Amino acid sequence: MTRSSDTHGSPRNDGNQHNGSSHDGGNAVDSLRALLAPTIDTRGNLREIILIPLAAVFMALLIGALIMMATSVEPHIILRSFVAMADGSVGSLNAISETLTASIPLVLAGLGIGLAFRAGLFNIGAEGQMVVGGLMAAVVSFSVTGLPMALHLPLVLVSGLLVGGLYAAIAGFLRAATGAHEVISTIMLNLISIRLLDYLLRQPFIQKEGRSDPISKAVLETAELPRLLSFIDPNLRLHFGLFLMLGAVILIYWLLYRSKLGFAFRISGENPDAARYAGIRAGLTIVIAMAIAGGLAGLAGAAQVTGVLGRATPGFTAGIGFDAIAVALLGRSHPVGILLAGVLFGALEAGGRQMQVDAGVSIDMISIIQALIIIFVAAPLLVKRIMPFLFADRPKEDADHG
Amino acid sequence: MNIELRGISKRFGSVQANRNISLDIRASEVLGLLGENGAGKSTLMNVLSGLYQPDSGDILIDGTPVRFDGPGDSIAAGIGMVHQHFMLVPVFSVVENVILGVEPTGSADFLDLAAARDQVQAINARYGMDVPSDVLIEDLPVGIQQRVEILKVLFRSADVLILDEPTAVLTPQEVEAFFGIVRALRDAGKAIVFITHKLHEIIEIADKVSVLRQGEIVGGGVPSEFSEADLAEMMVGRPVSFSVGRGTATPGEDVLDLRDVTLVDASLEVRLHQIAMSVRAGEIVGIAGVQGNGQTELVEAITGLAPVASGQVMFAGTDITASSVRQRHCMGIAHIPEDRQKSGMVSAFTVAENMVLNSYYDDSVARGVQIDWHRAEEQAAAACLKFDVRTPSVFLDAGGLSGGNQQKMVVARELERGVRLVVASQPTRGVDVGSIEFIHKQLVACRDAGNAVLIISSELDEILDLSDRIYVMYEGQITAEFDNSSSQADRGAIGLAMAGANRTAAA
């Protein structure tokens, strides 16, 4: 309301016009250098990107404490639950291992959602893509035999990735060819995948021999993601997926900000009209973006099956594909942000389990806190209003002679 | 009612948008407020309409200081603003739009539409506005929609009308009619503030003029005492040349040749009907016409954004009818889109990113599958200097630039590579005088370098200024062609063709 809607006269425009006369004077080389110098503006942005999630986490924990108080949990129990949360997430080597283990599928699937989001697509289907990817990985992991690990494991992971990618590409294709919105189609594909999983787990070539309940055969040893810290303690669950996760972060960062394809994604996401005018083929871009997003989710499913679970069971994805939406949102669809957000959610997950054990507070409280974090991150103005001191601008030197 | 602004200052952060501005707005007078984009006109009017509170200075109504805490206060005081972008409900009738928010009610608080209609019609008749009361807004031409906006403020008994760039959306004929209404309002005792950056309009309609530059009043007086050149110099701060100074064209071969091109849109309506036209190397061809007569579709057919139903698009002797946007781009067709914000740029991207928006895949900035951003940034910086794009850095978001600088950025991107045909659609819409001059010079330079240039503009002056040949479009057809190379074509005849006079002759 306080800004005029037309293109002129808004404060920001005026600002750039006045400041902008910088290359009127001076020689051309200086002017070029000035244009290419890093800007101060980005620093302010960076501060906000870091501060808002931190403030959001703090306030979410605070409200979590208030809720516990309102349900007459003793203050010392609340304190103990927070201590347990810290202890269970970062308090020991095992805790850190658990945190990172939990963050691997969150980050992988979150990267896919964030990438799709950058391309202007809302991929709600990570859960389903994880299911089909994980299931495919499981099938390949026990049905292909006689391969050495160096071949078998990559084959398993790639098959999970491919199937997840193909599954998501269905939604992309429907959007591109018929205009069916990907939110609707990915939700439906989620439902299909979950039922498909239940159905297939009872099929003889998948179901574990001698069992009547739906459970797959076990992943062969040659297809297991090796545990990284077993030389210290065989119970530490952190597995090789950690490197898949870090590699994916770097790869997606490169894709989005360095590659031609990623630039096309970002143009399509920010301004589909400009993308069309720039000669970018909208349909193809949508299908490819969805396929990559689904591939990452499929890989997340495969990593979960071969690194943690050792088999596929009904609901083995445990809602990670949905939590990953929150991770992508919290990480502002930036690969590094998603990594940090995924590790935070992994920590809440691991800490929450400890909280339940030590303080007897239900793990549901963790879900509430996660949801609160997302609400605060989605409403940055609210955070700024509640904690204005964090975002107060230092007085600018040039304020008097603008 | 007279309004006096006394020493109004308004600052946003480090930017002084208005500095010590004093204005006299008098009853029965049209005050022209002239200034480039970003000069502070809109800020000043937002202060007057209560959207902003000034940091210092007073607003006096008939000598009494007043304070506006919001738009409601200013409307109650009798100030009415007609925005550049209409704020109408398309599926409501004229009367419904006019009364929205101040509905007259009868017994038991029921809406009294009959009384409302009478009131609206009375205002209508008084100022000769000729607006039908019961037609839906979406069925009315833009010129009439604008009158509905004026009806709205008059219905709220405004004595002071602020008109923000009112002629931007009108055809020459509509402008004439609109000026008639403005004069009728003035003669009825209304005070009118007419905001524009078009000099000839000020000279024609304003009784007084004030010129704003960089937030300050830099001059003013009775418009007839100034020439257009004087006003322009005051507005820009340096002498501005109006005639582009284009030499005689030396046209060569056909670069673009449309052969009976027909285009049908998604709802199966014929948008272009058997268009036959050409643009030669070393020549500027202008397309004149009232907006919405197929110009947009013509550009889409040439640039490959929309498929044609029949006919051929020939480029330098090759049939490109089936070529994609990118293929045509690579062949050397540059496109300056009619709406830069909507389709010509990405506001959230940096200037550097915008500069390679449609060439990022090209070997000039890409290495394999990767974009060489260092090279792209250096090229962008060089292009900013060459095309006078005023930004402190190529790493700033393009959305923060003024309209003129955004447009120069788009022009730079399109012209800074080997092109043979430039399709420039509304190349200077919403752009300040200084940038208009610059962009025009660039287009002429492009022609002189032996390229074909096609300009589509709803500003007839721009077409007449730049073009060597002029086609007039009406209802999806080319209805007239004029030679404009040695002497200027007959403005009146073009105007008539734009209004559809030649339709039968050509059909």
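So, Phe68 of chain B: buried or exposed? In this predicted model, Phe68(B) comes out at 6% relative accessibility, and the cut-off for buried is under 20%, so Phe68(B) counts as buried. If you want to find Phe68(B) on the screen, go to the loop that runs between strand S5 (64–66) and helix H2 (71–76) of chain B.

What does Phe68(B) touch, once we set aside its neighbours within four places in sequence? On one side of the numbering, Phe68(B) is in contact with Val47(B), Leu48(B), Gly50(B), Gln53(B), Ile59(B) and Ile61(B). Then, further along the chain, Phe68(B) also contacts Asp73(B), Ser74(B), Ala77(B) and Ile79(B). And here's one distance to try for yourselves: Met81(B) sits 13 residues along from Phe68(B), and their C-alpha atoms are 14 Å apart.

Okay, let's zoom out to the whole of chain B. Chain B splits into three pieces: domain 1 covers 3–236, domain 3 covers 340–417, and domain 2 is put together from 245–332, 421–429 and 450–507. Now look at how domain 1 and domain 2 of chain B meet: 5 residues from domain 1 and 7 from domain 2 take part in the contact. Going by C-alpha atoms, the centres of domain 1 and domain 2 of chain B lie 36 Å apart.

How much area is buried between domain 1 and domain 2 of chain B? About 460 Å², and carbon and sulfur atoms give 54% of that. Who does the work on the domain 1 side? Thr171(B), Pro172(B) and Gln173(B) supply 63% of the area that domain 1 of chain B buries against domain 2, more than any other three residues. Sorted by class, the domain 1 residues touching domain 2 of chain B are 1 nonpolar, 3 polar and 1 charged. As for salt bridges between domain 1 and domain 2 of chain B, the count is 0. Polar contacts across that interface, with both residues at pLDDT 80 or more, come to 0 residue pairs as well.

Salt bridges do turn up elsewhere, though: over all chains, the count comes to 40. Let me show you a few from chain B. Lys152(B) pairs with Glu149(B), and their closest N and O atoms are 3.6 Å apart. Why are Lys152(B) and Glu149(B) about one helical turn apart? Because they are 3 residues apart in helix H5 (residues 142–155) of chain B. Lys152(B) and Glu149(B) are both buried, too.

Next up, Arg413(B) makes a salt bridge with Glu414(B), this time with the closest N and O atoms at 3.1 Å. Again, Arg413(B) and Glu414(B) are both buried.

Then there's Asp448(B) with Arg447(B), where the closest N and O atoms are 3.0 Å apart. This pair is a mixed one. Asp448(B) has 51% relative accessibility, so Asp448(B) counts as exposed, while Arg447(B), at 2%, is buried.

Last stop, chain A. How many helices and strands does chain A have? It's 17 helices and 0 strands. Chain A has 402 residues, and 49% of them count as buried. If you take the contacts in chain A with a separation of 6 or more, 72% of them are between residues 24 or more positions apart. And there's a salt-bridge network here as well, linking Glu98(A), Arg237(A), Glu349(A) and Arg353(A). Find those four on the screen, and that's my tour done.

Key: Residues numbered from 1 in each chain as written. Chains lettered and ligands numbered in written order. Predicted model: local features only at pLDDT ≥ 70, side-chain atom pairs only at ≥ 80, totals over all residues. Heavy atoms only, no water. Domains from an automatic or database assignment. Contact = heavy atoms within 4.5 Å. Buried area = accessible area lost by both parts, 1.4 Å probe. Salt bridge = Lys/Arg side-chain N within 4 Å of Asp/Glu carboxyl O. Polar contact = N/O pair within 3.5 Å; in protein donor to acceptor, adjacent residues only side chain to side chain. Nonpolar A, V, L, I, M, F, W, Y, C, P; charged D, E, K, R; others polar. Helix = DSSP H or I, 4+ residues; strand = E, 2+ residues; numbered from the N terminus. Buried < 20%, exposed > 50% of the residue type's maximum accessible area, 1.4 Å probe, protein only.
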